[in-house]
2 protein chains.
Amino acid sequence: MDIEPLHRRIASDIERRIASGEWRPGFRIPTEAELMAEYGCARMTVSRAMTDLSARGLVVRRRRAGTVVAHPPVHSSALVAIPDIQSEIEGRGLAYSHQLLLRIVRPSRADEDGMGARLIELETLHLADAMPFTLERRLISLTTAPEAEHADFTAAPPGGWLLAHMPWTEAEHRISAVGADGETATRLGLSDGTPCLRLERRTWRDGLAVTWAWQTFPGAAYDLVARFSPTQSPMKTPIKE
Amino acid sequence: MDIEPLHRRIASDIERRIASGEWRPGFRIPTEAELMAEYGCARMTVSRAMTDLSARGLVVRRRRAGTVVAHPPVHSSALVAIPDIQSEIEGRGLAYSHQLLLRIVRPSRADEDGMGARLIELETLHLADAMPFTLERRLISLTTAPEAEHADFTAAPPGGWLLAHMPWTEAEHRISAVGADGETATRLGLSDGTPCLRLERRTWRDGLAVTWAWQTFPGAAYDLVARFSPTQSPMKTPIKE
DNA sequence: GGCAGTCTAATGTCTAGACATTATTGCGCG
DNA sequence: CGCGCAATAATGTCTAGACATTAGACTGCC
């Protein structure tokens, strides 16, 4: 058993009282001076505990007014974590592999706004135990990521290559449900119109587009799952049987 | 302009160098003693900056070994926020309304494991400008939330009522793609088999199940969207045109 | 009664130290 | 050469103060 630092103990004492409902939103927490006396420690120690709680959004601190239990956010938007395909597959104990189906370098079209003048278009099929798992269509801007032109996407899938070579500063995800269209259905071994989960992901680096990807998952075989508590980010890896 | 505290300035200096790629993952950051000299401040101040960065996952600190730029997390690399239906609709400038289609109190079935002995089953249709937006089927455990038996779910939708009356401590989300089946298709005004986004949400309070809900969105009309940067949580509300 | 200015209670930052903890490094010994 | 132990370099925690900043509370004046 390692001993818990005092500041953490103070923080979790308070967190427990908030979680249990003993201290409801709006309740004014004892002042630092009072907690100092209660725990017999310096104010910096209490202050650190409160700063931590405040950073996690459990309490709101205001000078002179004191510290109160925060009201839960109104737009209590819950979260779902989107795992990396390879670790997702391997996390299920299956063998991961991928096939590069298409690789062309071409000028960008008008509807590919912001992707730079030249880009690579890729199509990759990701397999779990040799069964189609997801079909990925991806554009990579050669303006932002010129090294991509000489990358070997048969060795590493484009998602992994980008993760290692092109850190992004902004991202957007879009999840929707679509029916598998002709080519996609064929590649995934589905009949036409089968409901699929479509995950669209765009990233930018300092305002310049890096990549734009669409991944299509057979609806029956794939769920996005997240399990979490309100004060923590979703950390547990999704598991599906 | 309010002046920036020194510890924040140190932290953002370092953050900038990480974001710019100048300091790549694995790079060893100057020691606290070095930063102390560089900024001419006490070690506590540097330490606080590093503690903040560490809490946000940008760096990894290890005694004796020093502080290095963290490798971007392989798992859970991305998130999507799931907004509250009502604010989602109103955020698009549409009028929100809802209809209670079904409300029965009954004993739980075997496949409704963990939901307590008695529960309420509800079906609610959420509308945006009087057009069907999502169909929600929900179970609420009367063991955990007995007050729900006397709640008026025609006035407030069950999701909103629960948010206000039954705080949860644990939640699970599952997103999948399904084809609209007979009754669901009818209620949403779709033809059979139309791809729909299915959002399943379960919550618990101290280990006891509170609610279990399934929401079905027409695939063509609804996306989950999140836009964010790697160091921050997704805060911006998704917008779809 | 109301308003302006002042007082003051609370948090926010920072310092210069102290000692604890941990893991690496390197040395000496077999 | 390799093993174990000691030295040491780095972070982790904590203290007892100091001064800054903010905003609620009060007071007195009109």
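This report describes how helices pack in chain A and how the protein meets DNA strands C and D in a predicted model.

**Helix packing in chain A**

Helix H1(A) covers residues 6-19, helix H2(A) covers residues 32-39, and helix H3(A) covers residues 43-55. The axes of H1(A) and H2(A) come within 12 Å and cross at roughly 115°. An angle of 65 to 115 degrees counts as roughly perpendicular, and H1(A) is therefore roughly perpendicular to H2(A). The crossing in which H1(A) passes H2(A) is right-handed. On the side of H1(A), the contact is formed by Leu6(A), Arg9(A), Ile10(A), Asp13(A), Ile14(A) and Arg17(A). On the side of H2(A), it is formed by Leu35(A), Glu38(A) and Tyr39(A). By class, the residues of this contact comprise five nonpolar, no polar and four charged.

Helix H2(A) also packs against H3(A), at an angle of about 115° and with the axes 9 Å apart. These two helices are therefore roughly perpendicular to each other. H2(A) passes H3(A) in a crossing that is right-handed. Glu32(A), Leu35(A) and Met36(A) of H2(A) meet Arg43(A), Val46(A), Ser47(A) and Met50(A) of H3(A). Four nonpolar, one polar and two charged residues make up this contact. Leu35(A) takes part in the contact of H1(A) with H2(A) and also in that of H2(A) with H3(A).

**The surface near DNA strand C**

There are 25 residues around DNA strand C, and those that come nearest are Arg43(A), Arg61(A), Arg63(A), Leu6(B) and Thr45(B). Of the strand C atoms within 4 Å of the protein, 67% belong to sugar or phosphate, and the rest belong to bases. Polar contacts to this strand include one from the backbone of Leu6(B) to a phosphate oxygen and one from the side chain of Arg43(B) to a base nitrogen. Elements of both chains that supply two or more residues here are H3, strand S2 (59-62) and strand S3 (66-69) of chain A, together with helix H1 (6-19) and H3 of chain B. The most is given by H3(B), with four residues. The classes represented are six nonpolar, six polar and 13 charged residues.

**The surface near DNA strand D**

DNA strand D likewise has 25 residues around it, of which Leu6(A), Thr45(A), Arg62(A), Arg61(B) and Arg63(B) come nearest. Sugar or phosphate accounts for 64% of the strand D atoms within 4 Å of the protein, and bases account for the rest. At least two residues of this surface come from each of H1 and H3 of chain A and from each of helix H3 (43-55), strand S1 (59-62) and strand S2 (66-69) of chain B. H3(A) gives the most, with four residues. This surface has six nonpolar, six polar and 13 charged residues.

**Polar contacts with the DNA**

The table lists polar contacts between the protein and the two strands.

| Protein atom | DNA atom | Distance |
|---|---|---|
| Arg63(A), polar side-chain atom | sugar or linking oxygen, strand C | 2.6 Å |
| Leu6(B), backbone N or O atom | phosphate oxygen, strand C | 2.4 Å |
| Arg43(B), polar side-chain atom | base nitrogen, strand C | 3.4 Å |
| Arg64(A), polar side-chain atom | base nitrogen, strand D | 3.0 Å |
| Arg43(B), side-chain N or O atom | base oxygen, strand D | 2.7 Å |
| Arg61(B), polar side-chain atom | phosphate oxygen, strand D | 2.3 Å |

The side chain of Arg43(B) appears with a base of strand C and also with a base of strand D.

Definitions and conventions. Residues numbered from 1 in each chain as written. Chains lettered and ligands numbered in written order. Predicted model: local features only at pLDDT ≥ 70, side-chain atom pairs only at ≥ 80, totals over all residues. Heavy atoms only, no water. Axes fitted to C-alpha atoms, helices over the stretch in contact; angles between N-to-C directions. Parallel < 35°, antiparallel > 145°, perpendicular 65-115°, else oblique. Left-handed = near helix turned anticlockwise from the far one by under 90°. Contact = heavy atoms within 4.5 Å. Nonpolar A, V, L, I, M, F, W, Y, C, P; charged D, E, K, R; others polar. Near = heavy atom within 4 Å. Polar contact = N/O pair within 3.5 Å; in protein donor to acceptor, adjacent residues only side chain to side chain.
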